[in-house]
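Biologist: I would like a close look at one part of this model. Please take it slowly and then place it in its surroundings.

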Amino acid sequence: MTSFKTVWEGLATSEENELKSISDGYLRFLGLAKTESEAVDFFVNELTDRGFFDLESADRLVPGSKFYLNHIGRTLAAGIIGKNGVKNGLYIIASHIDSPRLDLKPKPLYDDSETNTSLLKTNYYGGVKKYQWVNHPLALHGKIFTKEGNCIKLSIGESDSDPIFIIPDLLPHLAKMQTDRKLFDGINAEELNPIFSSMPGDTKEDKFKNHVLKILKERYGIEEEDLASADLCLVPAGKARESGIDSSMIAGYGHDDKASAYTSFRAFIDLNDPEDTVLVLFFDKEEIGSQGTSGSQSNFLEFVTSLILHKLQGRYDHFELTSLLRRSNVISSDVNAAMDPSFKGAHDTYNAGRLGSGIIVTKYTGSGGKYGGSEAPAEFVAFLRVIFQKYNVRYQFGTLGKVDEGGGGTIAQDFARFGMNVIDAGSPVLGMHAPFELVSKADLWSCYRAYLAFMKH
Ligand code: MN
Ligand code: MN
């Protein structure tokens with residue numbers, strides 16, 4: 001078996017320190033940002049601390065201007081105008097900050113007096129193996145908007161004194177009704193009902209549900225119908241952790257795609273006086289197909305770019321916008337699968353990315369005959385090889401699984417449609433879309449270095 005070089009081999013002391021700084025920062029970020037809104041809040045805080053200003057309120061942009069644009073608190077752009085302005089196009093790194101989870105339905109709360117409980121109805125978000133989400137500590141995150149215009153932010157289940165929520169699976173002693181099910185149907189969608197309470201109130205009807213409504217009213221001032229004007233979801237509770245006896249990995253929720261979001265953000269804020277204008281974009285809704293106002297299929301990119309042109313030059317026309325987009329370069333920074341040690345059969349072992357061998361450059365996505373994916377032109381791959389060599393980035397090429405075994409797409413196509421050069425590149429991940437996923441610290445560092453190299457080029 002071919003042995004692939006790992007990033008760990010031959011690390012200089014300064015590189016080791018940088019690697020530690022990235023993985024420490026990432027652990028902290030993962031603990032604070034489990035939803036897209038929380039990620040946007042985290043980034044906006046960091047940006048304003050560093051003197052970045054709101055692009056919409058800016059009068060003019062000049063080389064060196066540092067700005068951000070926050071779209072409905074769920075999607076974010078941040079940029080720095082380069083010394084060359086936009087002459088050589090934009091250098092963009094785009095990731096997504098939503099991760100698979102269990103959303104609450106608009107009418108989530110129901111009473112089940114037969115079992116002395118109240119429960120929540122959920123609708124899973126993104127591609128999950130549903131059986132992985134039972135018997136796992138879950139936290140309730142999100143925002144509730146009342147008719148009075150109040151916004152109540154919730155995060156229940158993260159501090160040690162908070163309660164967590166559990167969807168109990170059937171005990172093995174009585175699981176005959178599950179034995180004929182296929183693995184993926186071990187738990188069905190409508191069985192993903194976390195138990196929300198088990199103490200009765202003093203009403204005759206719906207005494208468990210009514211007790212919960214009383215608590216919600218007292219604690220948060222909300223009524224039952226407020227739960228419909230809410231973005232609430234259940235995510236795995238607790239902090240990300242170092243993993244492995246050598247602490248070489250990080251186990252946590254949401255590496256897809258917060259590993260890319262965080263490392264591109266770190267590279268971006270560590271960038272000094274870029275030659276060309278750089279943008280980092282953080283999108284919502286990727287896990288459900290990128291549609292929607294906060295997804296990459298919206299006109300967010302065009303809006304940001306036209307604002308930049310307008311404020312940089314004092315004028316703007318559509319031709320200028322389309323020609324700027326056409327000469328821009330993009331890394332669609334999204335994770336890829338690391339070869340699974342116990343399921344090697346799912347991969348073309350010759351072309352699979354390895355844990356610890358660095359950022360995976362994915363020339364094309366899609367499934368079967370490359371269907372539905374985006375493919376980078378070879379010239380652009382060569383350009384990346386040149387800059388990765390220039391900045392000593394350790395990287396690997398990889399594909400997602402065996403041909404005809406499955407596949408997937410990313411937001412790359414939403415850039416490709418403007419005629420931009422775009423390629424996927426991100427960290428290898430094991431257990432992708434599971435409540436707890438695994439990445440290598442070495443790969444996080446490699447991503448950081450690769451994104452920094454791209455923005456410097
Ligand atoms: Mn992803
Ligand atoms: Mn995903």
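What volume does the second largest cavity have? Which residues line that cavity?

Modeller: This is a predicted model. The second largest cavity has a volume of about 30 Å³. Its lining consists of Leu104, Lys105, Pro108, Leu227, Ala230 and Leu232. Two strands, β5 (101-112) and β10 (230-236), each contribute at least two of these lining residues. β5 gives the most, with three residues. Sorted by class, the lining has five nonpolar residues, no polar ones and one charged residue.

Ala230 leads on to the packing. Ala230 lines this cavity, and Ala230 is also among the members of a nonpolar core of 31 residues. Val128, Trp133 and Ile156 are others named in that core. In soluble globular proteins, nonpolar side chains tend to be buried together.

That core lies apart from the largest nonpolar core. The largest one has 62 residues. Those with the most contacts inside it are Tyr26, Phe43, Leu47, Phe268 and Phe454. Helix α10 (residues 441-456) gives the most to this core, with 11 residues. Take Tyr26 as an example. Leaving out residues up to four places away in sequence, Tyr26 touches Ile250, His255, Lys258, Ala259, Tyr262, Val439 and Leu444.

Now compare the other cavity. The structure holds two cavities of 30 Å³ or more. The largest has about 40 Å³ of space. Around it stand Leu30, Lys34, Gly238, Lys239, Ala240 and Tyr253. The class count for this lining is three nonpolar, one polar and two charged residues. For the second largest cavity, the count was five nonpolar, no polar and one charged.

The metal site completes the tour. The manganese ion (ligand 2) is coordinated by Asp256 (OD), by Glu287 (OE) twice and by His433 (NE2), at 2.0 to 2.5 Å. Along the chain, its donors follow the spacing D-x30-E-x145-H. Asp256 bridges this ion and the manganese ion (ligand 1), and the two ions lie 3.4 Å apart. Asp256 sits in helix α5 (residues 255-269) and His433 in the loop between β21 (428-429) and β22 (437-440), so the pair ties together parts that are 177 residues apart in sequence. Asp256 and His433 are both buried.

Back to your cavity, in brief. It is lined by six residues from Leu104 to Leu232, with β5 as the leading contributor.

Note on methods: Residues numbered from 1 in each chain as written. Chains lettered and ligands numbered in written order. Predicted model: local features only at pLDDT ≥ 70, side-chain atom pairs only at ≥ 80, totals over all residues. Heavy atoms only, no water. 1 Å grid on protein atoms, 1.4 Å probe; cavity = no way out; pocket = protein on both sides within 12 Å on 5 of 7 lines; lining within 4 Å. Points joined across faces, edges and corners; volume = space filled by probe spheres on them. Nonpolar A, V, L, I, M, F, W, Y, C, P; charged D, E, K, R; others polar. Helix = DSSP H or I, 4+ residues; strand = E, 2+ residues; numbered from the N terminus. Donors = N, O, S within 2.8 Å, 3.2 Å for Na, K, Ca; no water. Buried < 20%, exposed > 50% of the residue type's maximum accessible area, 1.4 Å probe, protein only. Core = buried A, V, L, I, M, F, W, Y, C linked by side-chain atoms within 4.5 Å. Contact = heavy atoms within 4.5 Å.
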